[in-house]
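Here is a short, friendly tour of one chain. Have the model open as you read, and follow the topics one by one.

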Amino acid sequence: MKRKCKHCSNNAQKNRLICSTCLSRQTKKTNPFLYFFNALRNNAKRRGIPFLLSLTEFKNFAVETDYIKKKGTSQKSLTIDRLNDQIGYHIDNIQVLTNSQNAKKSRLYYDIDERKLRVKKISDWSHAPPASLCSDCPF
C-alpha cells in the first residue's frame, strides 16, 4: 500500500511522510538559498551544463547581489547569467542580469531568419559586427 503525503493527496516516497512537492515547498520557505541553489543546479544538469558552484559560494553571491529577493519573471527581476556560455556555472563565470538585459544579450548572438524557420548564430555570419561593437549593449 502506498503512503499518502500528510499535507496533500500525493503519494509520498517510501519511508517519507511528505511528497517531493511539499518537501520542495517547505525547503523554499525554511531555506530559500538551498531551494534556489538546487533549482539552478537541477536546471543546469537537465541542460547538460557543468555546475561547479558550492552552496557557500552561491549563498555569498546571492547575498551580495540580493538575488533571492529580486528573483522572478518580470522584466526587472534578476536572473543568473553565465559570462562565457562555453563554461559552466562557476563563481568566476556568473553574473546577475535583469530578465530584460538577459534577453538583449541573447538577441546579440541569435536571430531568427525572415521565414522564422531556424535560429542562426549572428556571430557565425561573416558580415555580422563583433558583439563588443554594439553601442546599445551594456556589456
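Of the chain's 139 residues, 26% count as buried (under 20% relative accessible area, with a 1.4 Å probe and protein chains only). The model is predicted, so to speak of local features pLDDT of at least 70 is needed and side-chain atom pairs count only at pLDDT 80 or more, while totals for chains, interfaces and linings use all residues. Residues are numbered from 1 along each chain as its sequence is written, and side-chain values use heavy atoms, leaving out hydrogens and water.

**Fold**
- The chain has five helices and four strands, taken as DSSP runs (H or I, at least four residues, for helices; E, at least two, for strands).
- From the N terminus on, their order is α-α-α-α-β-β-α-β-β.

**Nonpolar core**
- Within the 16 residues of the largest nonpolar core, Leu40, Phe51, Leu53, Phe58, Ile80 and Tyr89 touch the most other members; such a core joins buried Ala, Val, Leu, Ile, Met, Phe, Trp, Tyr and Cys residues through side-chain atoms within 4.5 Å.
- Helix 2, helix 3 (55–65) and strand 1 (78–82) each give two or more residues to this core, and helix 2 has the largest share, five residues.
- Leu53 is in contact (heavy atoms within 4.5 Å) with Phe37, Leu40, Phe58, Tyr89, His90, Ile91 and Ile94, not counting residues up to four places away in sequence.

**Contacts along the chain**
- Among contacts with a separation of 6 or more, 27% link residues 24 or more positions apart.

How values were computed: Buried means under 20% relative accessible area, exposed over 50%, partly exposed in between (1.4 Å probe, protein chains only).
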